[in-house]
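Morning, everyone. Please have the sequence and the model up on your screens. I'll go through it residue by residue, then turn to the ligands.

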Amino acid sequence: MGCGTNTGLQDRYGRQISYVRLSLTDRCDMRCRYCMAEQMEFLPRSEILSLEEIARLAEAFVARGVRRIRLTGGEPLVRRGATDVARQIGRLIGHGLDELAITTNGASLAKHADDLWDAGIRRINVSLDTLDANRFAKITRIGRLDTVLEGLEAARARGFLIKINMVALKSLNDDEYSDMLAWCMSQGFDLSFIETMPLGHIDEDRTDRFYPLTAVRETLEQSFNLLPSTHRTGGPARYCSVEGSQTRVGFISPLTANFCASCNRVRVSASGKLYMCLGHEDHVDLRGALRGDDPSLFDKLLDQAIGAKPERHDFNLGFAATQRHMSVTGG
Ligand code: SAM
Ligand code: SF4
């Protein structure tokens, strides 16, 4: 995009922004109860960026030093043309972009695994909060476990590196953490545990479902020898390796262990809003810059946004930190 300064993106706390999450849609074919309300209102289609605009956005970020992009949502694979835009962005790999990845609920991964591979994606995060079909139906309200397991099998067979994301949920999956880790080890998957975050209105009180990862870890340590790992992604997870396996276990604890000091990322919603922090409403609207005829506007807005990136989030479970759901920016 135009005549930007082409300098990197560093915020006022010295953090280098090298990672962008791009939401392809806020819609989803599931309604996970910690993520969404059952009756969700989604963005009108007229507000959503076109695939061509999303690809241009990716290009513009890479021109400003972004090295990793993750496609997310909502559910990115429900957007028609998702794999086409992945292919377009994938062409940037080796030309400034080091990695293109995707986070998905896995339900249509079986259909899309080959196209995602051809686009240059090699790593996939799949959300899976339980291995029990009835519980899966309860947690996701409308999802089916077998479709996700099929998707995972297709992705594994294709050769993707796979990480499972499991949200720790009191009384919904708090007896399954060791079983999930054993299963991930048997499949060759990594596993990250996530604490529920207070984002957007859902139909329940999140405090009732909160389960601290300190407790998850204590449970795991009864059956596995977790070794400290130096593996870092610049992201929120703290990793361990499991003795006797290749599997890494990550802990994403926004409530019990703040990770903001090393935050290297920003997020763009499907309508082109750039959010500098998951826990704040502040954003800059990039859609106008994408649609307007001033080629320098995008870089100006980007500099303004990065300059205003908050130092940290301050989640308090009892209150929604934002009106916005996680599904707007994809985690
Ligand atoms: N639909 C895709 C999926 O589920 O992987 C991508 C988007 S989803 C919003 C990204 C991640 O955010 C998932 O791993 C999901 O479990 C997690 N997530 C959603 N709402 C959350 C919340 N309120 N607190 C913590 N994690 C949440
Ligand atoms: Fe959809 Fe992902 Fe949210 Fe579940 S967590 S409702 S799959 S966006």
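Start with Met 166 and what it touches. Leaving aside neighbours within four places in sequence, its contacts are Leu 128, Asp 129, Asn 173, Glu 176, Tyr 177, Met 180, Leu 191, Ser 192, Phe 193 and Ile 194. Keep in mind that this is a predicted model. Met 166 sits in strand E5. Is Met 166 buried or exposed? Its relative accessibility is 0%, so Met 166 counts as buried. Now look along the chain. Val 126 is 40 residues away from Met 166 in sequence, yet their C-alpha atoms are 8.8 Å apart.

Strand E5 takes us to ligand 1. Strand E5 spans 161-167, and it supplies at least two residues of the shell around ligand 1. Strand E3, at 99-104, and helix H10, at 326-329, each do so as well.

Which residues come nearest to ligand 1? There are 20 residues around it, and the nearest are Tyr 34, Gly 74, Thr 103, Ser 127 and Met 197. By class, the shell has six nonpolar, eleven polar and three charged residues.

Zoom in on the atoms. Tyr 34 places a polar side-chain atom 2.9 Å from an oxygen of ligand 1. Gly 74 uses its backbone: an N or O atom there is 3.0 Å from a nitrogen of the ligand. Then there is Asn 165, with a side-chain N or O atom 3.5 Å from a ligand 1 oxygen. How much of ligand 1 does the protein cover? On its own, ligand 1 has 550 Å² of accessible area, and the protein covers 95% of that.

Next, ligand 2. The residues around it are Cys 28, Met 30, Arg 31, Cys 32, Cys 35, Met 36, Gly 74 and Asn 105. Five of the shell residues are nonpolar, two are polar and one is charged. Gly 74 should ring a bell: it was among the residues nearest to ligand 1.

That list has cysteines in it, which raises a question. How many disulfides does the model have? The count is zero. Take Cys 240. The nearest cysteine sulfur belongs to Cys 184, and it is 14 Å away. A disulfide needs the two sulfurs within 2.5 Å, so Cys 240 is in none. Cys 240 is also buried, because its relative accessibility is 2% and the cut-off is under 20%. Cys 35, from the ligand 2 list, has 15%, so Cys 35 counts as buried too.

Two loop residues to finish. Arg 33 lies in the loop between strand E1 (19-23) and helix H1 (51-63). Why does Arg 33 count as buried? Its relative accessible area is 18%, and buried means under 20%, so Arg 33 makes the cut. Beyond its neighbours within four places in sequence, Arg 33 is in contact with Lys 138, Ile 139, Arg 141, Leu 172, Ile 202 and Glu 204.

The other is Ala 107, in the loop between E3 and helix H3 (109-118). Ala 107 has a relative accessible area of 22%, so it is partly exposed. Again leaving out neighbours within four places, its contacts are Asp 29, Met 30, Thr 147 and Val 148. Met 30 is also one of the residues around ligand 2. One last distance. Ala 107 and Tyr 211 are 104 residues apart along the chain, and 26 Å separates their C-alpha atoms.

That's my tour. Thanks for listening.

Notes
Residues are numbered from 1 along each chain as its sequence is written. Chains are lettered from A and ligands numbered from 1 in the order in which they are written. This is a predicted model: local features need pLDDT of at least 70, side-chain atom pairs count only at pLDDT 80 or more; totals for chains, interfaces and linings use all residues. Side-chain values use heavy atoms; hydrogens and water are left out. A residue is near a molecule or strand if one of its heavy atoms lies within 4 Å of it. A polar contact is a pair of N or O atoms within 3.5 Å; within protein, one must be able to donate a hydrogen and the other to accept it, and residues adjacent in sequence count only if both atoms are side-chain atoms. Accessible areas come from the Shrake-Rupley method with a 1.4 Å probe; for residues, only the protein chains shown count as cover. Helices (H or I, at least four residues) and strands (E, at least two) are DSSP runs, numbered from the N terminus. Ala, Val, Leu, Ile, Met, Phe, Trp, Tyr, Cys and Pro count as nonpolar, Asp, Glu, Lys and Arg as charged, and the others, Gly among them, as polar. Buried means under 20% relative accessible area, exposed over 50%, partly exposed in between (1.4 Å probe, protein chains only). Contact means heavy atoms within 4.5 Å.
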